[in-house]
Amino acid sequence: MAHTKSTTISLSKYAFYSCLLYITLFLSQIYLVVKNTIAFGPLFIGPVYLPLAISALILILLVAVTVLTIRKSRRKDCTDELADLHRYKAGHITKYIFGLILILTIAGIKDFSPFFTEGFISNLIRIFIILLSLWEFIENLVFIILEKNT
């Protein structure tokens, strides 16, 4: 039986799969923030407790997208000079976009007291994960745009 070589995927497709991973991670963290700040009463749909069902669904989705991204990362194309240049430009552009988003977000938040209540460390970790996910998402999105424009 002949062993067939698996086909490689383009760097743009790999960046797209990475974007999916970071969107999933970003949305799961936003859901946790909303779930922890809004006091849910006992919400049931039939015999299923709704917040538990949503958390389980998000976990399954996050694991599935992570496994997909890891599997695709093994088969991505090798980078060349143009891809490295686009990755560098994407990182440079991302600094400015991320800085603008961060400034607008801080200016838009009127009350920072919920961040300093109980669970300060978990809130800090969650904010760090959200910021890292946003950074990586923007960088991959800019990379896809730069790759498609050449």
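**Figure 1. Contacts across the chain in this predicted model.** Take the contacts in the protein chain between residues at least 6 apart in sequence: 85% of them join residues at least 24 apart. The secondary structure behind this view comes to four helices and two strands. If you trace the chain from the N terminus, the elements follow the order α-β-β-α-α-α. The chain has 150 residues, and 25% of them count as buried. On the outside, about 10,600 Å² is exposed, with carbon and sulfur atoms supplying 72% of that area.

**Figure 2. The largest nonpolar core, with twelve residues.** Here you can pick out Leu11, Ala15, Cys19, Ala83, Ala90, Phe98, Leu134, Ile138, Val142, Phe143, Ile144 and Leu146. Three elements give two or more residues each to this core: α1 (11–37), α3 (81–108) and α4 (120–148). Of the elements, α4 gives the most, with six residues.

**Figure 3. A closer look at Leu146, one of the core residues.** Setting aside residues up to four places away in sequence, Leu146 touches His86, Lys89 and Ala90. Ala90 may look familiar from the previous view, as Ala90 is also listed in the largest nonpolar core.

**Figure 4. Glu139, a buried residue with no salt bridge.** Look for Glu139 in helix α4. The nearest side chain of opposite charge belongs to Arg87, and the distance to Arg87 is 4.5 Å. A salt bridge would need a side-chain nitrogen of Lys or Arg within 4 Å of a carboxyl oxygen of Asp or Glu. Apart from neighbours within four places in sequence, Glu139 is in contact with Arg87, Ala90, Gly91 and Thr94. Ala90 therefore appears in this view too, since contact means heavy atoms within 4.5 Å and Ala90 is among the residues that Glu139 contacts.

**Figure 5. A nonpolar patch on the surface.** Now for the outside of the protein: Leu102, Ile106, Phe112, Phe116, Phe120, Ile121, Leu124 and Ile125 form this patch. Together these residues have about 760 Å² of accessible area. Helices α3 and α4 each supply at least two residues of the patch. The most come from α4, with four residues.

**Figure 6. Ile121, a member of the surface patch.** Ile121 is found in helix α4. Is Ile121 buried or exposed? Ile121 is exposed, because its relative accessible area is 57% and the cut-off for exposed is over 50%. Compare this view with that of Glu139, which also has its place in helix α4 but is buried.

Terms used: Residues numbered from 1 in each chain as written. Predicted model: local features only at pLDDT ≥ 70, side-chain atom pairs only at ≥ 80, totals over all residues. Heavy atoms only, no water. Core = buried A, V, L, I, M, F, W, Y, C linked by side-chain atoms within 4.5 Å. Buried < 20%, exposed > 50% of the residue type's maximum accessible area, 1.4 Å probe, protein only. Areas by Shrake-Rupley, 256 points an atom, 1.4 Å probe, with all protein chains shown as cover. Lys, Arg positive; Asp, Glu negative; His and termini not counted. Patch = residues over 30% accessible without salt bridge, like charges linked within 9 Å, V, L, I, M, F, W, Y side chains within 5 Å.
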